[in-house]
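Trainee: Could we go through the labels used for this structure and set each one against its cut-off?

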Amino acid sequence: MASAGLQFFAFILALLGVFGAITATLLPNWKVNADVGSNIITAITQMQGLWMDCTWYSTGMFSCTLKYSVLSLPVYIQAARTTMVLSCILSAFGICISTVGMKCTKLGGDRDTKSYTSFAGGVCFILAGIFELIPTSWYTREIISNFLDPTVPESSKNEPGGAVYIGFISAGFLFIAGVIFCTSCVKKQQGAWIYPTKQQQFPATQQENNAGYNLKDYV
């Protein structure tokens, strides 16, 4: 099994990934208006998120409008909502499961049970990272394709916002944490297969010694 320090490092990465996933899901700046053409000098910044659209004025005022209608939203926004919520749920489950399976905790029973629990937590982190990477990549692709489309007016062009970058970073944290937790279980199982325990070797050695003594007795 991996050292307790490495598992603790993976747990910290997983916590950062969970907080990042929740933050990216709630932030309204998945898409911001691009500063191109006539939009370079403007007193208004428009932002669009998964759940609301916000407008920030140079005077400091901030107003948001919730997206109540789900069916009127584009497909990539609906998919982003679903996958980001699943990512948050899976990463939260992964935190709970990996806490039991960590080597530095006294929960989870014996070493074999903790090893399998750690592997299950790692799988949750990997799935959470994948579910978070899918919407951020899809959302970024839609923004870039819209930006490069010459038929779209400059006033309607947008750029990826801070929530997208937070989503990419937190997905990487979750994936790395999941790989570390899963690898800790795989290494332990391989070591058990390659190097059998002394208790398994002792009876055979004892039998050989007993056989030798019996032959000497007959001579």
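The conversation below takes up the cysteines and then a surface patch.

Mentor: Keep in mind that this is a predicted model, in which local features need pLDDT of at least 70, side-chain atom pairs count only at pLDDT 80 or more, and totals for chains, interfaces and linings use all residues. Residues are numbered from 1 along each chain as its sequence is written, and side-chain values use heavy atoms, with hydrogens and water left out.

Trainee: What makes Cys54 and Cys64 a disulfide?

Mentor: Their sulfurs lie 2.1 Å apart, and a disulfide is a pair of cysteine sulfur atoms within 2.5 Å, so the pair qualifies. The link is right-handed, with 105 degrees about the S-S bond, and it joins strand β3 (residues 52–57) to strand β4 (residues 62–66), the two cysteines being 10 residues apart; strands are DSSP runs of E, at least two residues long, and helices are runs of H or I, at least four, both numbered from the N terminus.

Trainee: Why is Cys54 called buried, and is Cys64 buried or partly exposed?

Mentor: Buried means under 20% relative accessible area, exposed over 50%, and partly exposed in between (1.4 Å probe, protein chains only). Cys54 has 1% and is therefore buried, whereas Cys64, at 38%, is partly exposed.

Trainee: Why does Cys124 count as buried?

Mentor: Its relative accessible area is 13%, so Cys124 is buried. Cys124 is in no disulfide, the nearest cysteine sulfur, that of Cys182, being 9.1 Å away.

Trainee: Why is Val123 called partly exposed?

Mentor: Val123, found in helix α3, has a relative accessible area of 31% and is therefore partly exposed.
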